[in-house]
Amino acid sequence: NIPSKDVPVGNSESDNPIVRSWGEIKSFDFDPLPHWDLGSSLGLFDLERGAKIAGSGFPLYTGDGARLQRALIQFMLDVHTEEHGYMEVSPPFFCNEFAMTGTGQLPKFAEDMYTMPEDGLYAIPTAEVPVTNLYANEIINNNLPIYHVAYTPCFRREAGAAGKDTRGIQRLHQFDKVELVKFVHPEDSENELNKLTNDAESILNNLNLPYRKVILCSGDTGFASSKTFDLEVWFPSQKTYREISSCSNFRDFQSRRMKIRIKQSKENIFCHTINGSGLAVGRTLAAILENNQTEQGSVMIPEVLVDYMGGTKELNLSR
């Protein structure tokens, strides 16, 4: 794709300008534990047993960890459908080659795909693929914008990231994500990207997690994207920000591949597609553990999640 005119020129993520930061980075009176130690001690996940079943990178959530994961998914879906106007869809978790090619996963990222050659199917790396393909080879009768939100598990071999961020649940082969997808008129896509990014940010705002928004430079922008904002959440044990959402405007790159057109009086035109995570569930859970931990080793539940957790306000060793 051709980068938007306002995408900064650069070579790597070190050249990505910070657009803004939000939230107060908490000062602890003790050395904050990493989420993998907190999760293990509180019985929230058992990565060893997950690895025994399927190999490393396939997590097993247990007890309150499983419930917190489910609570986050439901909370994110509720916010995006009830407050932001997205229509929820629950798509297939497997796609064919045409669908994967349409969104740009194939052929470039073939080595990162889990495949089922006998059936000609691929396990989805993100809900972006099936949801964006909903209108492939169709002419939309001008009823834009269309907003969709979907929860799916995601599957990635991460072939090009071996040995990177392997501790805990930051980088996995199987993870959960709530995805936002938009189909918009070309003249509206820049504004719609900003709105979608704000929608993703609202989840972090509600959870009171400190984060920053960066715009990706030309050398770090994905080949299919015209412009991308990353949201990066603060991890106190690592004293750094980690990506938790990527929000991109693909303009007509994907719609040309999938032939998604808008009906016009004289000539049908290609719509613009936009998507972003709202949010990656595992990394959100990890950020909650690290930012809300106490010196006693317990974790406070964000207020907006208490009802989703059946009234539980604190995760501790006695539960």
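In which strand is Leu 279 found? Leu 279 sits in strand E14, residues 272-280. Let's work through some exercises on this predicted model.

Residues are numbered from 1 along each chain as its sequence is written, and side-chain values use heavy atoms, with hydrogens and water left out. Because the model is predicted, local features need pLDDT of at least 70 and side-chain atom pairs count only at pLDDT 80 or more, while totals for chains, interfaces and linings use all residues.

**Exercise 1. Describe the protein as a whole.**

Step 1. Start with the inventory: the protein has eight helices and 16 strands. Helices (H or I, at least four residues) and strands (E, at least two) are DSSP runs, numbered from the N terminus.

Step 2. Turn to the radius of gyration, taken over C-alpha atoms, and the globule rule, 2.2 Å times the number of residues to the power 0.38. The radius of gyration is 20 Å, close to the 20 Å that the rule gives for 319 residues, so the protein is as compact as a globular protein of that length.

Step 3. Add the box: along the principal axes, the C-alpha atoms fill roughly 70 × 45 × 40 Å.

**Exercise 2. Describe how helix H3 packs against H6.**

Step 1. Two packed helices are described by the angle between their axes and the distance between the axes. Axes are lines fitted to C-alpha atoms, for helices over the stretch in contact, and angles run from 0 to 180 degrees between N-to-C directions.

Step 2. H3 (residues 64-82) and H6 (residues 189-207) pack at about 125°, with axes 10 Å apart. That makes H3 oblique to H6. For this label, angles under 35 degrees count as roughly parallel, over 145 as roughly antiparallel, 65 to 115 as roughly perpendicular and the rest as oblique.

Step 3. List who touches whom, where contact means heavy atoms within 4.5 Å. From H3, the residues include Phe 75 and His 80; from H6, they include Asp 199 and Ile 203.

Step 4. Sort the contact of H3 with H6 by class: seven nonpolar, three polar and one charged residues. Here Ala, Val, Leu, Ile, Met, Phe, Trp, Tyr, Cys and Pro count as nonpolar, Asp, Glu, Lys and Arg as charged, and the others, Gly among them, as polar.

**Exercise 3. Now try H3 with H8.**

Step 1. H3 and H8 (residues 281-291) pack at about 115°, with their axes 10 Å apart.

Step 2. Among the contact residues are Leu 68 and Ile 73 of H3, along with Leu 285 and Ile 288 of H8.

Step 3. The contact of H3 with H8 divides into seven nonpolar, three polar and no charged residues.

**Exercise 4. Trace an open sheet.**

Step 1. Read the order: three strands run E3-E5-E4, with antiparallel pairing. Two strands pair if DSSP finds at least two bridges between them.

Step 2. Find the edges: E3 (94-96) and E4 (115-116) each have a single partner strand, so one side of each is left without a neighbour in the sheet.

Step 3. Check a pair: E4 and E5 (residues 121-123) are joined over two bridges, and Met 116 has Leu 121 in E5 as its bridge partner.

**Exercise 5. Spot the unusual backbone angles.**

Step 1. Leu 106 and Pro 107 are joined by a cis peptide bond, with omega about 5°. Pro 107 lies in the loop between H4 (97-103) and E4.

Step 2. Another cis peptide bond joins Gly 278 and Leu 279, with omega about 20°.

Step 3. Asn 208 is not a glycine, yet its phi is positive, about 55°. Asn 208 belongs to the loop between H6 and strand E9 (211-215).
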